[in-house]
Amino acid sequence: MHTRTYHRQLLVVITLLFAFACARNPVTGKREINLMSTEQEIAIGKESHPSVVATMGLYEDKNLQAFMNEKGKAMAKVSHRPDLPYQFYIVDSPIVNAFAVPGGYVYFTRGILAHFNNEAEFAGVLGHEIGHITAKHAARSQKSQLLSTIALIGGAVLAPQVVGPNIEALQQGLGLLSLKYSRDHESESDKLGVEYSSKIGYDAHQMADFFGTLKRLSDKSGQAIPQFMSTHPDPGNRFTRVHELAKEYQAKNPASYQVDRDRYLRLIDGIMYGEDPKQGFVEQGYFYHPELRFQFPVPNSWQSQNSPSQFQMAAKDGKSAMILMLAKGNSLDEAAQNLVKELSLNVLENAKTTINGNPAYVLISRQQQQQGQQAQQDPKTALQIGTWLIQYNNAVYALHGLSAAADFNSSFSTFKQVAENFRSLTDPDKLNRKSERVFVKSSPRDGSFREVVTALGMPASRVEEAGILNGLKADDRVTKGALIKVISR
């Protein structure tokens, strides 16, 4: 084909593509390439929601849910896309996180709700998440990214060295959603959070203050990283930026903006805090599951993350990780066959064994190269998997050890030590463990936060943790009668 003719035809194709694909963004007002219709966005939300619920579970609290629905609907009406079928959910996770899915699905964890200290903080983050939807950020980031299954929602326990692009089928079998936005998208959503929360009457300066809580959470060692920071990468000093945005908005729109601290604190009085022990918990180097009555060790210094559908843990260097989940099948043989088929595994070794009296099946495998992968997979970087299928109490559990093939031999002893110490749980202390909750108390006296929270029964070792929860420092002054959050069983 003649070069000039080819270029002319290519230009026509590109012009047509832009003509059909460009649409006006409802927030920016600018025309931009948009390969996802509103109907497609709604379909993605409907497709994603069952996975979110199955993985994280819903937190049942009628009053909190009614509050979230009320504020969410009010904010949706003043947003740039009021006609979307918005839905609001509280998910049963201790992680401090909020996220949104195209089509109007907005999720807050009980962990983030416990850490808000007034309605205005809640409204600011709610506006931020609705902003991701109204500005079509996920659509602009591509559907493939939204539905990628790299890790737990909001989390990244499995490091990218382990969970890489060569294991898409494994990810689809084991993982869930990974929602990542660009710095520009985050800045735009911060601005929308200020606008939307202000429009329904809240002081957006409180939204900025909540970034201070997130920063303290991430700085505190030994505590779960606030995944809001993980899924929402920090584009510079958001604390300062959001305060500036709030100041600008309020200067242009003078009004009486609300904070509503006490009303919010009474609303969350009694909310569950931290891990729900019924769903499993880590303590002194072991993972215990009271309802399913089993336990196994967690390797020293490994990070872990639990959800209703799976337990993940990984070495800090990112070279190895393990996942526990229910296997599909009523027998070891059926579970093994389903696993190999669904994850496209090439089994290198397999053997039947017994683990603490429980029938078990061990498979060493690698994932087969998927169709469409043109480049030859490097054997050293290919994912290698050690799987222990364990039949226990009328169920089959799959315990997967994952690492690059080059690191597998050095990681295998750790995988084996964990799997071979899977055993029944009989300790009454673990079986009957109750969850911690946030209770709202009136300060019995004037004094420093440290003095007040100690008088309310919090141990000295948890004053900083309680301070983060309350948005206060140890030496901050508290007046008699002020509402304070404390943690107890």
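Buried means under 20% relative accessible area, exposed means over 50%, and partly exposed covers what is in between, with a 1.4 Å probe and protein chains only. R445, for instance, is partly exposed at a relative accessible area of 37%.

This is a predicted model, in which local features need pLDDT of at least 70 and side-chain atom pairs count only at pLDDT 80 or more, while totals for chains, interfaces and linings use all residues. Residues are numbered from 1 along each chain as its sequence is written, and side-chain values use heavy atoms, with hydrogens and water left out.

**Confidence**

The predictor's confidence in each residue, pLDDT, runs from 0 to 100. Its mean for the protein is 82, and 78% of the residues reach 70 or more. Residues 1-22 have a pLDDT below 50, and this stretch has twelve contacts beyond near neighbours in sequence, a contact being heavy atoms within 4.5 Å. Over residues 221-227 the pLDDT also stays under 50, and here the model has 15 contacts beyond four places in sequence.

**Salt bridges**

Let us turn to the charged side chains. A salt bridge puts a side-chain nitrogen of Lys or Arg within 4 Å of a carboxyl oxygen of Asp or Glu, and the whole structure holds 22 of them. Here are some examples:

| Salt bridge | N to O distance |
|---|---|
| D262 and R261 | 3.7 Å |
| R445 and E451 | 3.4 Å |
| E465 and R462 | 2.9 Å |

E465 and R462 are both buried. E283, D427, D429, K430 and R433 are joined into one network by salt bridges that share partners. As for the other pairs in the table, D262 is partly exposed at 34% relative accessibility, R261 is partly exposed at 27%, and E451 is partly exposed at 36%.

K430 also has an aromatic partner: its charged end sits over the ring of Y288, 5.1 Å from the ring centre. For this label, NZ of Lys or CZ of Arg must be within 6 Å of the ring centre and within 35 degrees of the ring normal.

**Aromatic rings**

Rings of Phe, Tyr and Trp (its six-membered ring) pair if their centres lie within 6.5 Å; planes under 30 degrees apart count as stacked, over 60 as edge-to-face and the rest as tilted. The structure has 26 aromatic pairs. In one of them, the ring centres of F287 and F311 are 4.1 Å apart and the planes meet at 25°, so this pair is stacked. F287 belongs to strand β8 (residues 286-289) and F311 to strand β11 (residues 310-314), so the pair ties together parts 24 residues apart in sequence. Strands (E, at least two residues) and helices (H or I, at least four) are DSSP runs numbered from the N terminus. Both F287 and F311 are buried, and ring pairs link them with F294, F296, Y392, Y397 and F422 into a cluster.

**Q384 and two loop residues**

Where does Q384 lie? Its place is in strand β15 (residues 383-392), and at 7% relative accessibility Q384 counts as buried. Its side chain makes a polar contact of 2.7 Å with the side chain of R366. Such a contact is a pair of N or O atoms within 3.5 Å; within protein, one must be able to donate a hydrogen and the other to accept it, and residues adjacent in sequence count only if both atoms are side-chain atoms.

Most residues other than glycine have a negative phi. S344 has a positive phi, near 50°, and lies in the loop between α14 (332-342) and β13 (345-355). The phi of N356 is likewise positive, near 50°, and N356 is found in the loop between β13 and β14 (358-367).
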